[in-house]
Structure formats: structure tokens, C-alpha cells
Amino acid sequence: MADKNLKTGLTLEEMTALIKAVSESNLDSFDYKEGDFSLSLHASKGFVQQVSTPAMNVASMSVPDISQAMAQAAEAASGDEDDDNAFIIKSPLVGTFYAAPAQDSAPFVKIGDRVKKGQTLAIVEAMKMMNEIESDCDGVISDILVANGEAVEFGQPLFKIS
């Protein structure tokens, strides 16, 4: 059983998941209050700052709203099908899109390339961290929806795979 934080009533895993959900979403801030307890998360330039006030133990505090928000954020970042039955690969975070592993290298994929589930398609750089974007399915790259070096948003479509 996870230990509850005496100040918040949330487990460390729940707090971490909440911070991650806010930082990966388009939200600039998130505020939660229950009794004397308050939690305020503010995102600025990719950084998330947590501010909370010491309060009573709210071990009975429910987190269905947090879980629902996290599920919606995960759904927005995952791929889905468009009108042409092409699978859409979306950006899981805000950052800079790179089609190749280095400036003088060939791109990971080109239109017409056959890809396998788990294959690296591109990199999105966020806060000096290189995040590989992998294919969620097998198929053929039918469209690349962003240019190399372009800024991308959370949930922005990057690739179409037929």
C-alpha cells in the first residue's frame, strides 16, 4: 500500500501523475482546493512549479477528476484514424521536430517507407531532451505533416500511416 502524504492526502505516484498530466497538456495552470488544502500547478516555458499549502490530512480526497484528465491527455497524444483510414501519429509533447538523428544524416523515414510498430520515425526535442517518436502500428508512411526543425504542440499530428 502506498503511503499517503500527510499534507496532501495524495500518494507520491498520484502527485507525479498529476504534475506530468499538467505539463504534457495545453494547460498553463491547474488549481485544486479541498478544505484548507490547496494545490496549484503552473507551467511556464516547459517547467512545472508545484505550490501547495500545508493543511489537514485529506486522505479521503478522491482523484477521479485527475484520472479523467490524465486519460484525456493520453488519448489526445495517442494516434487515431482519420477519414482516409490512415493512422495518425501525434506529438506526445511540445518541442522541436527533427526528421533525422543529426543535421547531416538521412531522415528516419520518408513518404512511401514501410514502417513497423515501435520503429523510430522522428525526434521531438524538449528542454534539451531528445524524445524518439515511434510508430504505433505497422504500415506505410503516407504523409509527413511537419517540416524538419518546426515547433510542434502536444497532440499535433506528425505522420499519417496507411
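The following exercises with worked solutions examine a predicted model.

Residues are numbered from 1 along each chain as its sequence is written. In this predicted model, local features need pLDDT of at least 70, side-chain atom pairs count only at pLDDT 80 or more, and totals for chains, interfaces and linings use all residues, while side-chain values use heavy atoms, with hydrogens and water left out.

**Exercise 1. Overall composition**

Task: State how many helices and strands the protein has, and give their pattern along the sequence.

Solution.
Step 1. Helices (H or I, at least four residues) and strands (E, at least two) are DSSP runs, numbered from the N terminus.
Step 2. By this count the protein has two helices and twelve strands.
Step 3. Along the sequence, these elements follow the pattern α-β-β-β-α-β-β-β-β-β-β-β-β-β.
Step 4. Of the 162 residues in the protein, 33% are buried; buried means under 20% relative accessible area, exposed over 50%, and partly exposed in between (1.4 Å probe, protein chains only).
Step 5. A contact requires heavy atoms within 4.5 Å. Among contacts between residues at least 6 apart in sequence, 51% join residues at least 24 apart.

**Exercise 2. An open sheet**

Task: Determine the order of the strands in the four-stranded open sheet, and explain why one side of S9 and of S11 is left without a neighbour.

Solution.
Step 1. Two strands pair if DSSP finds at least two bridges between them. Strands of a sheet pair through backbone hydrogen bonds, either parallel or antiparallel.
Step 2. The order of the open sheet is S9-S8-S6-S11, with antiparallel pairing.
Step 3. S9 and strand S11 (151–152) are at the edges and have a single partner strand each, so one side of each lacks a neighbour in the sheet.
Step 4. Within this sheet, S8 and S9 are antiparallel and joined by six bridges. Val124 stands opposite Asn131 in S9.

**Exercise 3. The partners of S12**

Task: Find how many bridges join S5 to S12 and how many join S10 to S12.

Solution.
Step 1. Strand S5 (residues 87–90) runs antiparallel to S12, and four bridges join them. Ile88 has Lys160 in S12 as its bridge partner.
Step 2. Strand S10 (residues 139–144) is also antiparallel to S12, with three bridges. Here Ile144 has Phe159 as its bridge partner.
Step 3. S10 is further joined to strand S7 (residues 114–115) by two bridges, again antiparallel. In this pairing, Val115 is matched with Gly139.

**Exercise 4. An aromatic pair and the core**

Task: Identify the residues of the one aromatic pair and describe its geometry.

Solution.
Step 1. Rings of Phe, Tyr and Trp (its six-membered ring) pair if their centres lie within 6.5 Å; planes under 30 degrees apart count as stacked, over 60 as edge-to-face and the rest as tilted.
Step 2. The structure holds one such pair. Phe97 and Phe159 form it, at 5.9 Å centre to centre and 50° between the planes, and the pair is tilted.
Step 3. The pair links distant parts of the chain, for Phe97 lies in strand S6 (residues 95–98) and Phe159 in strand S12 (residues 157–161), 62 residues apart.
Step 4. Both Phe97 and Phe159 are buried.
Step 5. A nonpolar core is a set of buried Ala, Val, Leu, Ile, Met, Phe, Trp, Tyr and Cys residues joined through side-chain atoms within 4.5 Å. The largest such core has 18 residues, and those that touch the most other members include Phe97 and Phe159. S5, S8 and S12 each give two or more residues to this core, and the largest share, four residues, comes from S8.

**Exercise 5. Two loops**

Task: Is Ser135 buried or exposed, and is Met127 buried or exposed?

Solution.
Step 1. Ser135 lies in the loop between S9 and S10. With 3% relative accessibility, Ser135 is buried.
Step 2. The side chain of Ser135 reaches the backbone oxygen of Cys137 at 2.4 Å. Residues touched by Ser135, leaving aside those up to four places away in sequence, include Ile89, Val115, Leu121 and Ile161.
Step 3. Met127 is placed in the loop between strand S8 (120–126) and strand S9 (129–134). Its relative accessible area of 52% makes Met127 exposed.
Step 4. Lys128 lies in the loop between S8 and S9, and is exposed at 73% relative accessibility.
Step 5. Most residues other than glycine have a negative phi. Phi is positive, however, in Met127, near 55°, and in Lys128, near 65°.

Terms used. Polar contact = N/O pair within 3.5 Å; in protein donor to acceptor, adjacent residues only side chain to side chain.
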